[in-house]
Amino acid sequence: MLDPHLPLTVEEQEEWGNPLSVEKYMDYIKSYCPYQNIVSQHYPSMIITAYEKDQRIPLIGLLKYIHRLRKAVIDYTCNHIKEGYETSNLIFDVRPGGSHCDPSSWEDSLNETARHFAFLYKELGFAKEDFPKSDDSQKSRK
């Protein structure tokens, strides 16, 4: 809502108020803004998917968010190292094409869902670390 050149900014300013001209609105937006509320603490593992041509959320904004989030995770980890503590996985998945509301095709949508499930599967500990090699799997079938 700070850049009037972005889509929807003017409409949102009309609905919620202009944070550039009224400090009260700026303070309110900062109170729930994900970027402004990142602090050094434990965060869960996350996969953040973005689209190269998304006009609503420019990649530079997401890059700043990821950078700040990673810094907070690293700061927390360095100050609270305990035996067995695992650092959160933060994955930034930038996809070509697509947009804010949907991937560019049905196949891309299915692939995105599969990536998200694979991420969850691994993070929840269901993935096996040792997969059989193709030669081993051939021998076991005989």
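**Figure 1. The largest nonpolar core of this predicted model brings together 12 residues****.** The members are I38, Y43, M46, I48, A50, L62, Y65, I66, L69, A72, V73 and L90. Two elements, strand β1 (46–51) and helix α3 (59–79), each put at least two residues into this core. Which of the elements gives the largest share? That would be α3, with six residues. As a bit of background, nonpolar side chains in soluble globular proteins tend to be buried together.

**Figure 2. Here's the whole chain, to help you place the close-ups.** The protein has five helices and two strands. Walk along the sequence and you meet them in the pattern α-α-β-α-β-α-α. Of the 142 residues in the protein, 21% are buried.

**Figure 3. K71 and D75 pair up along helix α3****.** How far apart are the closest partners in this salt bridge? The N to O distance between the two side chains is 3.1 Å. K71 and D75 sit four residues apart in helix α3, which means that about one helical turn separates them. Neither end is buried: K71 is partly exposed, with a relative accessible area of 46%, and D75 is partly exposed too, at 30%. This pair belongs to a count of three salt bridges, and the next view shows how D93 is involved in others.

**Figure 4. D93, R95 and R115 are joined into one salt-bridge network****.** Start with D93, which is buried because its relative accessible area of 10% is under the 20% cut-off. D93 forms a salt bridge with R95, the closest N and O atoms being 3.1 Å apart. D93 also forms one with R115, and there the closest N and O atoms are 3.0 Å apart. Which parts of the chain does the D93 and R115 pair tie together? D93 lies in strand β2 (residues 90–95) and R115 in helix α4 (residues 106–123), so the bridge links parts that are 22 residues apart in sequence. Both arginines count as partly exposed: R95 is at 27% relative accessibility, while R115 is at 25%. The shared partners are what join D93, R95 and R115 into a single network.

**Figure 5. A nonpolar patch sits on the surface, and helix α4 contributes L120****.** The patch is made of F117, L120, Y121, L124 and F126. Together these residues offer about 590 Å² of accessible area. Is L120 buried or partly exposed? With 43% relative accessibility, L120 counts as partly exposed. If you've just come from the previous view, L120 lies in helix α4, the helix that also holds R115.

**Figure 6. Four glutamates make a negative surface patch****.** What are the residues of this patch? They are E11, E12, E14 and E15. Take E11 as one of them: E11 lies in helix α1, which covers residues 9–16. E11 counts as partly exposed, with a relative accessibility of 48%. So this view and the one before it make a handy pair to look at side by side: a negative patch here, formed by E11, E12, E14 and E15, and a nonpolar patch there, formed by F117, L120, Y121, L124 and F126.

Terms used: Residues numbered from 1 in each chain as written. Predicted model: local features only at pLDDT ≥ 70, side-chain atom pairs only at ≥ 80, totals over all residues. Heavy atoms only, no water. Patch = residues over 30% accessible without salt bridge, like charges linked within 9 Å, V, L, I, M, F, W, Y side chains within 5 Å. Areas by Shrake-Rupley, 256 points an atom, 1.4 Å probe, with all protein chains shown as cover. Lys, Arg positive; Asp, Glu negative; His and termini not counted. Charge placed at Lys NZ, Arg CZ, Asp CG, Glu CD. Buried < 20%, exposed > 50% of the residue type's maximum accessible area, 1.4 Å probe, protein only. Core = buried A, V, L, I, M, F, W, Y, C linked by side-chain atoms within 4.5 Å.
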